[in-house]
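Visitor: I'm new to reading protein structures, and I'd like to learn how to look at one. Could you walk me through it?

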Amino acid sequence: QVQLVESGGGLVPPGGSLRLSCAASGSISGIIGMAWYRQAPGKQRELVAVITKSGATNYLDSVKGRFTISRANAKNTVYLQMNSLKPEDTAVYYCNAEIMTTLGTYRSSWGQGTQVTVSS
């Protein structure tokens with residue numbers, strides 16, 4: 001059993017900042033990749049940022065230069081620092097992790113989602 005628990009969402013005015021956190025726990029032997037996705041009302045879920053175990057990152061073009069993904073491997077935690085937020089960043093943000101379990105199997109696990117609303 002693997003759980004991902006997110007925190008840090010909320011309401012922020014345009015130009016503001018938020019930091020999302022996602023902690024993985026349970027039957028984890030190792031975590032390969034960690035990522036943040038988002039889904040706005042009426043739209044498909046999209047990949048926002050991804051980070052490998054070695055720290056390589058990649059971002060959605062519209063968030064480059066504003067968002068930063070990082071991870072603390074010892075804590076099985078991934079973060080998303082979001083600066084210069086825009087109304088179009090409003091969405092439910094989901095954490096995802098590619099995990100090797102203690103049984104030696106691989107699984108893709110998701111958090112429950114956290115709402116980010118950018119509005120004045």
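Visitor: Let me start with one residue: is Asp-89 buried or exposed?

Guide: Before we answer, keep in mind that this is a predicted model. Residues under 20% relative accessible area are called buried. Asp-89 has 1% relative accessibility, so it counts as buried.

Visitor: Which residue does Asp-89 meet in a salt bridge?

Guide: For a salt bridge, you look for a side-chain nitrogen of Lys or Arg within 4 Å of a carboxyl oxygen of Asp or Glu. Here the side chain of Asp-89 meets that of Arg-38, at 3.0 Å from N to O. Asp-89 is in the loop between strand 8 and strand 9 while Arg-38 is in strand 4, so this pair ties together parts that are 51 residues apart in sequence.

Visitor: And is Arg-38 buried or exposed?

Guide: Arg-38 counts as buried because its relative accessibility is 5%. Arg-38 also makes a salt bridge with Glu-46, at 2.8 Å from N to O. Glu-46 is partly exposed, with 30% relative accessible area.

Visitor: Which residues are linked in a network of salt bridges?

Guide: The network links Arg-38, Glu-46, Arg-66 and Asp-89.

Visitor: How many salt bridges does the structure hold?

Guide: There are four. One of them joins Lys-64 and Asp-61, with the closest N and O atoms 3.0 Å apart. Have a look at how open that pair is: Lys-64 is partly exposed at 47% relative accessible area, and Asp-61 counts as exposed at 60%.

Visitor: Okay, charges make sense. What about the greasy parts?

Guide: In soluble globular proteins, nonpolar side chains tend to be buried together. In this model, the largest nonpolar core has 30 residues.

Visitor: Which residues have the most contacts inside that core?

Guide: They are Trp-36, Leu-80, Met-82 and Tyr-93. Several strands each supply at least two residues of this core, among them strand 1 (2–7), strand 3 (18–26), strand 4 (28–39) and strand 11 (114–118). Strand 9 gives the most, with five residues.

Visitor: What does Met-82 touch?

Guide: Leaving out residues up to four places away in sequence, Met-82 touches Gly-16, Ser-17, Leu-18, Leu-20, Arg-66, Phe-67, Tyr-93 and Val-116. Try clicking through those on the structure.

Visitor: Do polar residues get buried too, and what would I look at? Say, is Asn-96 buried or exposed?

Guide: Asn-96 counts as buried, because its relative accessibility is 5%. You'll find Asn-96 in strand 9, which runs over residues 91–101. Then check for polar partners: a polar atom of the Asn-96 side chain lies 3.2 Å from the backbone oxygen of Ser-109. Beyond four places in sequence, the residues Asn-96 touches include Leu-4, Gly-33, Tyr-37 and Trp-110.

Visitor: Can I try the same steps on Thr-77? Where does Thr-77 lie?

Guide: Thr-77 lies in strand 8. With 7% relative accessibility, Thr-77 counts as buried. A polar atom of its side chain is 2.9 Å from the backbone oxygen of Lys-75. Among the residues that Thr-77 touches, not counting those up to four places away in sequence, are Cys-22, Met-34 and Ser-70.

Visitor: Now rings. How do I describe two of them together?

Guide: A pair of aromatic rings is described by the distance of the centres and the angle of the planes. A search of the whole structure finds one aromatic pair.

Visitor: Which residue lies over the face of Tyr-79?

Guide: That's Arg-19, at 4.1 Å from the ring centre. Look at Tyr-94 as well: the charged end of Arg-45 sits over its ring, 3.8 Å from the centre.

Visitor: Last one: how do I spot residues that are far apart in sequence but meet in space? Where is Gly-15 found?

Guide: Gly-15 is in the loop between strand 2 (10–12) and strand 3, and it is exposed, with 52% relative accessible area. Compare two separations: Gly-15 and Ser-84 are 69 residues apart in sequence, yet 4.1 Å apart in space, C-alpha to C-alpha. Not counting residues up to four places away in sequence, Gly-15 touches Ser-84 and Leu-85.

Visitor: How far apart are Gly-104 and Ser-29?

Guide: They are 75 residues apart in sequence and 7.7 Å apart in space, again C-alpha to C-alpha. Gly-104 sits in the loop between strand 9 and strand 10 (106–110) and counts as partly exposed, at 47% relative accessibility.

Key:
Residues are numbered from 1 along each chain as its sequence is written. This is a predicted model: local features need pLDDT of at least 70, side-chain atom pairs count only at pLDDT 80 or more; totals for chains, interfaces and linings use all residues. Side-chain values use heavy atoms; hydrogens and water are left out. Rings of Phe, Tyr and Trp (its six-membered ring) pair if their centres lie within 6.5 Å; planes under 30 degrees apart count as stacked, over 60 as edge-to-face and the rest as tilted. A charge sits over a ring if NZ of Lys or CZ of Arg is within 6 Å of the ring centre and within 35 degrees of the ring normal. Helices (H or I, at least four residues) and strands (E, at least two) are DSSP runs, numbered from the N terminus. Buried means under 20% relative accessible area, exposed over 50%, partly exposed in between (1.4 Å probe, protein chains only). A polar contact is a pair of N or O atoms within 3.5 Å; within protein, one must be able to donate a hydrogen and the other to accept it, and residues adjacent in sequence count only if both atoms are side-chain atoms. Contact means heavy atoms within 4.5 Å. A nonpolar core is a set of buried Ala, Val, Leu, Ile, Met, Phe, Trp, Tyr and Cys residues joined through side-chain atoms within 4.5 Å.
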